[in-house]
Amino acid sequence: MGLDLRADPIALTAALVDIPSESRHERRIADEIEAALRVQAPHFEVIRNGDAVLARTHLGRPSRVLLAGHTDTVPVADNLPSRVEDGLMYGCGTSDMKSGDAVFLHLAATLAEPTHDITLVMYDCEEIESSANGLGRIERELPDWLTADVAILGEPSGGFIEAGCQGTIRVVVSAAGTRAHSARSWLGDNAIHKLGAVLDRLSRYAARSVDIDGCVYREGLSAVRIDGGIAGNVIPDAASVTVNFRFAPDRSIDQAVAHVYEVFDGLNVSLEVTDAAAGALPGLTNPAAASLVAAAGGQVRAKYGWTDVSRFAALGIAAVNYGPGDPNLAHKVDEHVDIAAITATTDMLRAYLTA
């Protein structure tokens, strides 16, 4: 039996969760979503792009709202099928973000007269490397499908409008030395010891907080990995610490990189940027975004972490994160979602899309 998009979105969440869809293995869930949309949402144009499903209305409305959700999950951790206990639904993807997907799909099938044209994008491979991201592929191959006045990503946000997102860079800070036998350590130059100054600067780092459009973004500069050492009797001649800088969206990538270089200025180390993604400004002054915030009762906060709202911001589209899941539960073995939040999110978006 296929997906029933007109069913209660709580039941639809369970049905989506019970379809395993680890990244790169989304074909089955894409097949089921596509088949359901073609039958149950006949007012939508529906197309397929790889394992992404796209649908949109052509109602001639004055504005267009894009609802985007990824269908992939992290690997299952013996947490399928879904189950409901004490008002909570447990299972891989319940929070991140099949509950959000269920809300979007349910609304697509049940809204008879929305006041906005709607585009629905259910895409693949969000949980892995950026180069595989299905939304990036759609941007390259079908850019007109991402045209909208405002985009809403169903990422878990605890029922708040989480605006914008942080940017992120990873920098490998490396130290060099001279190898020697540890019994004659004075003949060597210990590269690991040189990282002590790096760690000291990180421990003393004062993170900046920035208020943008009423959303406070707190930055963080953290060591996330240390590499070094050859054997238990060798003074190491190389060592490194990987540093992750999560920065407020008022900084560009170049400004963020320059800041990290400034933090470690004067140390006998080398720096290499290995990964970077820009943040996204809140964009809440956009009229379509402002009306969404009003519909949510003004419950707005900054998004901590990077999400695909950054892709929309780069296209000049106001974008927010809004989903029933709790971001603190994403990827956990006991991942779950409050089923009452699924209903509340559905009701709020229905009111916004029909106001």
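1. A salt bridge is here a side-chain nitrogen of Lys or Arg within 4 Å of a carboxyl oxygen of Asp or Glu. Lys303 and Glu162 form such a pair, and their closest N and O atoms are 2.9 Å apart. Lys303 belongs to the loop between β17 (300-302) and α8 (309-314), while Glu162 sits in strand β8 (residues 161-163), so this salt bridge ties together parts that are 141 residues apart in sequence. Both partners fall under the 20% limit for buried residues: the relative accessible area is 7% for Lys303 and 5% for Glu162.

2. The reader should keep in mind that this is a predicted model. In it, 24 salt bridges are found in total. As a general matter, side chains of opposite charge can pair when their charged atoms come close.

3. A second salt bridge worth following in the structure is the one between Arg24 and Glu129, with the closest N and O atoms 2.3 Å apart. Arg24 is placed in the loop between α1 (9-17) and α2 (27-40), and Glu129 in the loop between β6 (117-123) and α4 (134-141), so that parts 105 residues apart in sequence are tied together by the pair. Arg24 is partly exposed, with a relative accessibility of 49%, and Glu129 is likewise classed as partly exposed, at 39%.

4. Arg48 and Asp51 also meet through their side chains in a salt bridge, at 3.3 Å from N to O. Arg48 counts as partly exposed at 26% relative accessibility, whereas Asp51 is buried, its relative accessible area being 16%. The two residues do not stand alone, for a network of salt bridges links Arg48 and Asp51 with Arg27, Asp31, Glu34 and Arg38.

5. The division of the chain deserves a point of its own: domain 1 is made of residues 9-165 + 280-353, and domain 2 of residues 167-277. The centres of domain 1 and domain 2, taken over C-alpha atoms, are separated by 35 Å. Where the domains are in contact, 16 residues come from domain 1 and 12 residues from domain 2.

6. How much area is buried between domain 1 and domain 2? The value is about 960 Å², and carbon and sulfur atoms give 64% of it. On the side of domain 1, Pro282, Tyr304 and Trp306 supply 43% of the area buried against domain 2, which is more than any other three residues supply.

7. Which kinds of polar pairing are found between the domains can be stated from two counts. Across the interface of domain 1 and domain 2 there are 0 salt bridges by the rule used, but 3 residue pairs are in polar contact between the two domains, both residues of a pair being at pLDDT 80 or more. Strand β17 gives the most to the side of domain 1 that touches domain 2, contributing 3 residues. The residues on that side of domain 1 divide into 10 nonpolar, 4 polar and 2 charged.

8. A last point concerns a pair of residues for orientation in the model. Ala15 lies in helix α1 and is partly exposed, with a relative accessible area of 30%. From Ala15 to Phe264 the separation is 249 residues in sequence and 50 Å in space, C-alpha to C-alpha.

How values were computed:
Residues numbered from 1 in each chain as written. Predicted model: local features only at pLDDT ≥ 70, side-chain atom pairs only at ≥ 80, totals over all residues. Heavy atoms only, no water. Helix = DSSP H or I, 4+ residues; strand = E, 2+ residues; numbered from the N terminus. Buried < 20%, exposed > 50% of the residue type's maximum accessible area, 1.4 Å probe, protein only. Domains from an automatic or database assignment. Contact = heavy atoms within 4.5 Å. Buried area = accessible area lost by both parts, 1.4 Å probe. Polar contact = N/O pair within 3.5 Å; in protein donor to acceptor, adjacent residues only side chain to side chain. Nonpolar A, V, L, I, M, F, W, Y, C, P; charged D, E, K, R; others polar.
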